[in-house]
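Q: Hey, got a minute to go through a model with me? I'd like a quick tour before I head back to the bench.

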Amino acid sequence: MVDKKRILVTGGAGFLGSFLCGRLLGEGHHVLCLDNLYTGSIDNVRGFLDNPRFQLMQADVAEPVSASVDQIYNLACAASPVHYQSDPIATMRTNVLGALNLLELAVKCNARILQASTSEVYGDPLVHPQREDYRGNVSITGIRACYDEGKRAAETLFYDYNRMYGTQVRIARIFNTYGPGMRADDGRVVSNFVVQALRGEDLTVYGDGLQTRSFCYRDDLVRGLMALMNCEEANALPVNLGNPGEFTMLELASLVLDMTGSTSGLCFQPLPQDDPVQRRPDIGRATSLLGWRPEIGLRDGLSPTIRYFTEKLGRLAVAA
C-alpha cells in the first residue's frame, strides 16, 4: 500500500509536470500544482480540477512559497532553448531563486525535495556517454548559460542544503524527453520535426544534422522521477535519467517523415551557438540504484506523439 502524501509539483501545469501530477493522483496522493503558466497551461491539468485531492496555485517559484507538504518535485523552468532564451534573466531567477525558496520550504516542512536538473549541466560534452561524475564543458558567456549555469547553481544549492541542514535531496539530470502533451511551439527537435512534417513544411535541420541526441519517452521519464524520489539510497547523488539510444538529427528526421507519411524535405540552417554535438546518458547509476531503465523505444514513443500532434493541430485549425 502506498503511503499517501501531500506533494508539491512546481511547473505542474507543464508537459512533464502535468503527467507527473496525474500519476501521483492515481496513487492517491494529495497534489499541490504550482505554476506561473509561462510555458505551462491550465488545459494540461483541466482534467484534475474537480479532484478534491488536487489544488492549482498560480504563482512564481522566484517568490517565497508557503505550503505544508511531505515531498516537493521542482520542475519549474522553461526547458526549451526558444523559451528559456527569450528572457534569460527570468530563467536564471527561476532556477536559482526558485531552488532557494523551495529548499527553504523543504527545511520548514522537513520534506524531501527533488530537483529536475538537466543534461545541459554537461554542456557540449568532451566525454561520451556522459556519466554523473563528469564536470561538463559549459560556457558561462553563451546564450544557453542562463539555463545551463542556472541549473548547475541550483544543484549546488541542493548539495549545500543537504550538507548544512541534512535536507533529503534528490537530483535528476534529465536528458531529451518527448511525448504527448508537448506544445506545438515547444521549440525542441521532436516537436519541431513532427509539427513541420504534419503541416507539410520542410523539416529544419541545424548544422549538418549529424549531431546526436538521446530521446526518452515521457512515461519512462516520469516513472524514473518517482523512483528516484522514493529511493532511500539516492540522497544527494545526481542521477542521469534518459534513454541511452542515440540518434543523429538526420536519422530522427527520416523516421518522422516515414511515420507521418510526409513528403516534406529538409531545410538546413546554421548550428545555433553552443549547441552540443553529442548527448547520450550513462544510466548505470539509475539502473543500479533505482532498478530503472527506459522501456519505450523511439519508434514506439513517436507513434502516440504523432497522434497527439495530429489531433492538436486539427483542433487549432478548427479554432482558427
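The chat below goes from the overall fold to one strand.

A: Sure. This is a predicted model, so to speak of local features takes pLDDT of at least 70 and side-chain atom pairs count only at pLDDT 80 or more, while totals for chains, interfaces and linings use all residues. Residues are numbered from 1 along each chain as its sequence is written, and side-chain values use heavy atoms, with hydrogens and water left out.

Q: How many helices and strands are there?
A: Nine helices and 13 strands, taken as DSSP runs numbered from the N terminus (helices H or I, at least four residues; strands E, at least two).

Q: And how much of the protein is buried?
A: 52% of the 320 residues, where buried means under 20% relative accessible area with a 1.4 Å probe, protein chains only.

Q: Switching topic: what about charges?
A: There are 31 positive and 36 negative side chains, counting Lys and Arg as positive and Asp and Glu as negative, without His and the chain ends. The centres of the two sets lie 4 Å apart, with each charge placed at NZ of Lys, CZ of Arg, CG of Asp or CD of Glu.

Q: Now S6, is that strand enclosed or open?
A: Largely enclosed by the rest of the structure, because six of its six residues (169–174) are buried.

Q: Which way do its side chains point?
A: Val169, Ile171 and Arg173 point one way from S6, and Arg170, Ala172 and Ile174 the other way.

Q: Which strand is joined to S6?
A: S5 (residues 112–118), running parallel to S6 with six bridges; pairing takes at least two DSSP bridges. Thr118 has Ile174 as its bridge partner in S6.

Terms used. Buried means under 20% relative accessible area, exposed over 50%, partly exposed in between (1.4 Å probe, protein chains only).
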